[in-house]
Structures are given as structure tokens and as C-alpha cells.
Amino acid sequence: MLSGSRIFAVNHKKISSLNINNVCCSKIRASLKRLKPHVPLGRNYSSLPGLIGNDIKSLRSVLSPPAAKIRNIGIMAHIDAGKTTTTERILYYSGYTRSLGDVDDGDTVTDFMAQERERGITIQSAAVTFDWKGYRLNLIDTPGHVDFTVEVERCLRVLDGAVAVFDASAGVEAQTLTVWRQADKHKIPRICFLNKMDKTGASFNYAVESIREKLNAKPLVLQLPIGEAKTFKGVVDVVSKEKLLWNANSDDGKDFERKPLLEMSDPELLKKTTEARNALIEQVRRQAQRSCPEAGRWRSQTLPGAASVWSSGSRPCAVLLLQDAREHTKNRSVADLDDEFADLVLGEFSENFDLLPAEKLQTAIHRVTLAQTAVPVLCGSALRNKGVQPLLDAITMYLPSPEERNYEFLQWYKGDLCALAFKVLHDKQRGPLVFMRIYSGMLKPQLAVHNINGNCTERISRLLLPFADQHIEIPSLTAGNIALTVGLKHTATGDTIVSSKSSALAAARRAEREGEKKHRRNSEAERLLLAGVEIPEPVFFCTIEPPSMAKQPDLDHALKCLHREDPSLKVRLDPDTGQTVLCGMGELHIEIIHDRIKREYGLETYLGPLQVAYRETILNSVRATDTLDRTLGDKRHLVTVELEAKPIETASVRPVIEYADSVSEDLLKASQEAIENGIHSVCLQGPLLGSPIQDVAITLHSLMIHPGTSTTMISACVSRCLQKALKKADKQVLEPLMGLEVTVTKDYLSPVLADLAQRRGNIQEIQTRQNNKVVIGFVPLAEIMGYSTVLRTLTSGSATFALELANYQAMNPQDQSTLLSQRRGFT
Ligand SMILES: Nc1nc2c(ncn2[C@@H]2O[C@H](COP(=O)(O)OP(=O)(O)OP(=O)(O)O)[C@@H](O)[C@H]2O)c(=O)[nH]1
């Protein structure tokens, strides 16, 4: 909970949730940090540049910068790659803070929650706003732990670009793959920052290769390191052929020297840089051509053999092709720009790439980055304060402004308000604070807005801009910006906000018309709801008890607030015991929620044992008939149902529901919702463990309903009939199977493998990564609870691991019967 405006101003974060189901990816370091005392906030923040009193008018350009000057970016990575440390440096060099925070000292700006500071990990994403060389940057530091992957995905949804941070000694790691895939899904242009270049084992080439191989991306090497590991002291800017050296005696890395590379003083470095620059130019030219398929297609169609001309670099012919191509692509601005670049490369500067102006190359790199056909790579060491300022320059230079992103849904709103609530915080004084990304239109205080997801209208009381350590009350904020609203009491994380219900309906109609034209009605209409982040089913649950019955309402309130912030936290009532059950994405997720209830809501709660969320399925087709005949008052309710349940392959907990032709359409029209409610309620609690049933199809073969029968009775009859059918079926428990990646030094490989064998682990591969071995395999979730402690003991704290839900697998009969006996209390 946020206690003051200053604290609030620097911590816009929230607990997350995870998507891929779960689980723990843990760092030994994290637990060591647990021992550190909590450092109170004592940071020194800069004041808002140009702010004079509260004269809002004079601040308009500061408060509402032109969209072309805005960068909404995220920082994403595998756990511990250095996202928070990099963010800290960014905030310091941009003037947001006046002192450098350190993750290991627990005094960073973005890792604000007490739990984050104690554990040294990011749990909630944090949004901070600052300026860099005339650009407005809204930056979101996202969690690296897989338990909070949903948080990452939700944030990606509101970003226009991202910086992927890597540990240069490890290259691409397990969670990097996950976040990279998420960024692919949301089509986020990104740049890579190879951090930890000072670390023993750091290798620029290794990390670049791993980006190429494992992420299947095309790295554009924009910098070369000067030295590696202990000798790392700066970088070479390949585009401008300058070296950037940081003063070894400087304790904050603010000052660095930028000098052109000279033949006299740096012959070797100059040669290497020239080669790298030539390769970069050639690569950008090729990718720019790829990024504009229209122009490329035209060329190859009209001019067969063009490809060979391009690659052979035969100038006269290439120039002819380009001139011809330009004639036909007059109206395609990107194509023209790419043609122009190719023209320069193959024409004017073909003899000497050195003369190609840096600005031309930068603009072409920007276009390629935007088209996501290649990804710029930079390097540095955030901890040693090296390479962060050029990273900031690269963010403004290569990542897109909101205007450059092609958000298809905007056409349906026609300039009307459309915003996404991507984060909710609860402030004791001000109530819920909602972070919004404005896509179109404008937000103002006292504005009534409509929430599409919640189908409700409510009023924004105040509009704030979180800038540096201040919250500035503002009169309005336009598209492209990130705002903080006060007063929305029903808006939850992930909701889409528009100006009114009629505006939403008008947009829906336009989307529908457009969809019909393009024959993809559903997907387009769905995109009206910007919150396209799927929340996976939790894999862990446990009961939670308040200290006394009198405190149950307080607990309910706390859980309601936490759920609004974090939709991946699920809360339900156990129908048998009446206990409250917490369902989460991993051990850490549940642990953090428990801790937050204590710290933020002052409630000491008791958690029951953590249990794995199994699923169930059936192995054969079964059929059942049932009749419900009841007279209530003077009304007779009579339903007869015949249905069949059969196994199918969907990997979904939602049953597929089918209706036989014999079922009367008229009857179905009136009762379909009741029938489906009855089926869904049974499928949520299977007959073996009360776990959700997956991979089943239910076919309704016959249905007879006496006139006047209530829908509740129809639902009840369908449920009873389905339960009857399931009772007869051969049933199977499915357990969550986790993909596991353990990074360990050679010395400890054997004990780790032996331990995994005992945990029913299935090792797929053992890779060599620099000096480490990486064990990749699968292991049942039930066997891996508390693994971080075991691994720490086995490897003297030198190993790390990452887990991610792979799928659900059938338990073998012996394990299944042991589990069932345990659950029934026989063992
Ligand atoms: N040697 C070296 N260590 C670094 C560097 N950057 C960060 N670290 C260390 O790496 C550890 C993790 O840094 P964080 O900044 O917390 O990493 P993160 O990616 O934010 O971690 P999560 O938020 O938990 O995912 C800390 O101990 C940092 O001091 C670097 O450039 N060089």
C-alpha cells in the first residue's frame, strides 16, 4: 500500500500474474537478499525540469508532448539479467533521481514493494515517466520471474517498443524466450542490450550468436565492446565510428568521452569497426527491402533477376532497377525511403560505405526495427555505469513513437476516447488509482467514461501525470500518453475505457462492417477489447484463514482489492468446507499475496498446505439419461435429458458442447444457456479430485421440457445427468508437467541429475553454455515444490533454474491411486 504522495509517485507497480502457468524460477541470490535489512526510502529525486510553481499553462509542452516525441517502452528479460539495475541508471542519467539505487542494497526506484527490496526481484511492473534529450519516455520495468508473466504480457500490451536485457555471460536464457515470444505476439519492436559485459565469462559474440540462433532474430550489431569481463571499459559506436570510454575513476558513469576512431591511435579497432559497419549497412539494406514487401514484390515480379543484381552489387543495372522501382512506388513512403537507402548504398556510396552519413543509416535502422525484420544490439554494464546513455539514445532513435505503431482498432474509434487500464493500485487515501494508456482521444478530470469489460460508466475525479517524484495534476492528456486516474472505483486491470456506451457500440459496428469485408468478424470485434491477455488457470492453491471469524470481511475486502490489481489471483469458496481458497500461478505468487495481506491490510492470515491444481479427464465415451420431475407450489417442472460425454484432444478446460439434430431448435433457443451452465458447473469440479475436467466433448442427444419448467431446473437436470455419465466413465488424473532448465557448473552436474531422476524428471538435453551446463527437461510440478532450497543445498548456491508449465500429463496408475488415497485421507 502506498503511504504518501512521494512514495506513490515513484512506484506505479502492481502484482502480477503469470501466464504460462507457472512456476518458480528462482535465484539463489534472492534468498540471500532476504537476510538484508529493509532499507527505507531515502532517495534523492530531481525536480521536474522547467516547472515553475503550478503554472500548468507554461508546462503544456512538458505535460503533453507531441506524440512523435513520446516513447512508451518496456524493459524485459530473464530473471536477474539486470533490468532493474539498468532502469536505475536510466533514471539517474535522465535526471529523474539524484543518486544511484542498487538492487543489492534494496533502494531502487522501480523495485519499490518491501518484498521486492528484500528479495531483490521485481514482482510488479513499475511505470515511470521522465525526459531524455527532448523526448518523453514512459518506461515500464517488468518482472523476470515466471510467476509474474501475465504482468509482463499485460504491460507489453501498452508498449510501443521494448528493450530486451541479456546477461552477456549467459546469452538467451529460458525466460528470455518466453518474453521474446510475448513481444512477438504483440508485435513489439525491440532493441537488445547485452548487459553485464564486465562479468567474468561475458562474451559479446556468444550473446549475439545466441540471439541469432535461439530467438531466430537478425541482430544488427550497432556497438562493439572495448574489452570484455574485467577489461571492459567502453563501447565503439559502429554507426558513427566513435569510441565511447568511461572514466575508470568516475563513480556514477555520468561523464564519458566520445572520440572518433583514428588510424593513428586505434588501427585495429578502426579496422574491426569498418568491417562491422560495412556488414551492418549491407544487412540493413537487405532487411529494409524485406520490411517493405510491396516494393520488393514489385521489383522481383517486374524485373526477374533483380535479386542476383542486388547481391552482385552490379551498380548500373541496380540503379536502373531502383529508378524504375521508384516510379512505381511513388505513393509508398516507406518503400521510397528504403529505395533511397538502397540507392545510396548501391549507388553514390557503393565504392566507399565510410562516406554514407550516419543519419541515413540511423533512419534506415529505425525503419528496420519498426518492421521487426531485425533487432539492434547494444552492450554495456549497468552495474559499472557503462553503456546506458547510448542505450537511451538508441531508444529515442530506433524505437517507435505511438504514431508510428499501426493499431488497427483505432480506425473504429475515429478519434474518440479509447484507453486501456493496465494497472490498478490501491491507495488508502485516494482509493483506486488506475494507470491508463491512451490510444485515441483525450482524458480529462471530471470526465464520465464507459468501461466496456465491466459494462459500467463512472467518473474520473482527477487526472495525474506521474513525473519524477511528483504527481502533477493536469487538465487533460492526449493520445499516446500514460496517465494516472483517480476516482474509477470499478475499473480493473485490463479493462478497456471509452467515452460512452454509444461510442463503444458505434466502434463495434464499424469493426463488424470491416470484419465482414475481411471475413474475420470475430477476431476484429474482439480486438475492441484491448485487454487481449489471456489469464491462464492457476496451478497452485491453498486455503486462507483470517485470524478470527470477525476478520473474514476484512480478508474478503483485501482479496477483492488484490484481485482487481492482479486478475491472475483467483479466489473461491470451497463448497464443502466453506473455506476461502487462494489460487495462484506459483509458490512465489501465493507467498507474495500472503505477505501483502499482512503488510498492506494488517491481517495475519493462515495458509493451508500448498496444493497442486490437478485436472481430470475421461478415457471412454459414456451416455446417461435423467429425468427431473418436481412440483413447486402449483407449478410442475419436468425435464428429461439424454447426453453423452466423450474424450477429445483440446487441452482446454472448457468442454466442447454439441447438440444432436434431433434436439428441437425452438426448445434449444429458450434453454441453451441453462443447459450450458449446467454442463460448465459440473466440468469445473471433476468426480475424482474436484478438479476441472479437460479434453471432453458433451453431446446432448435428447431434451424434453414440460412447459413452464424453470431454467434452474433445466440446469439442475443437465448437471445431474452429466454427473451420472461421468460416474460410469474410466477416469484419469492429469498433472501439470513443467519444462525445467537448470544452469549449473560442471562440478555439480551429477548431484543435480541424480536428484532430478528421483523427482520423476525426464531429461531431454544437456547443453554447454560458456563454462556452465544447462540441463533441459520436464518434471511433474508436484515433485518440484520447494526446489530452490534443495538446489541451493546441492550446489552450494551456484545453480539457477527456471520452470514453466509445459502441459498436463496423465499420472501413472500407481501415483494416481496414491494421490487419491491421500486426498481421501487414507494415508
Ligand atoms: N556484474 C554485473 N552485475 C550486474 C549488472 N547489472 C546487474 N547486475 C547484478 O545482477 C543482479 C540482478 O540485477 P537486477 O537489476 O535485479 O536484475 P533484474 O533483471 O531486474 O532481476 P528481476 O527483477 O528479479 O528479474 C544484481 O545482483 C545486480 O547487482 C552488470 O552490469 N554487471
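Q: Which residue in strand 30 is the bridge partner of Arg630?
A: His637 is the partner of Arg630. Strands here are DSSP runs (E, at least two residues; helices are H or I, at least four), numbered from the N terminus. Residues are numbered from 1 along each chain as its sequence is written. This is a predicted model, where local features need pLDDT of at least 70, side-chain atom pairs count only at pLDDT 80 or more, and totals for chains, interfaces and linings use all residues.

Q: What makes strand 29 and strand 30 count as paired?
A: Pairing takes at least two DSSP bridges between two strands. Strand 29 and strand 30 (residues 635–647) have eleven, in the antiparallel sense, so they count as paired by that rule.

Q: What is the strand order of the open sheet, and why are strand 29 and strand 31 its edges?
A: The order is 29-30-32-31, with mixed pairing. Strand 29 (622–632) and strand 31 (656–659) each have a single partner strand, so one side of each lacks a neighbour in the sheet.

Q: Which strands does helix 21 touch as it packs on the sheet?
A: Helix 21 (residues 665–683) touches strand 31 and strand 32 (696–705). Contact means C-beta atoms, placed from the backbone, within 7 Å.

Q: How do you know that helix 4 is largely enclosed by the rest of the structure?
A: A residue is buried if 20 or more other C-beta atoms lie within 10 Å of its own (exposed: 12 or fewer; partly exposed: in between), with C-beta atoms placed from the backbone. Eleven of the eleven residues of helix 4 (residues 83–93) are buried, so the description fits. Among them are Lys83, Glu88 and Arg89.

Conventions
Two residues are in contact if their C-beta atoms, placed from the backbone, lie within 7 Å. Axes are lines fitted to C-alpha atoms, for helices over the stretch in contact, and angles run from 0 to 180 degrees between N-to-C directions.
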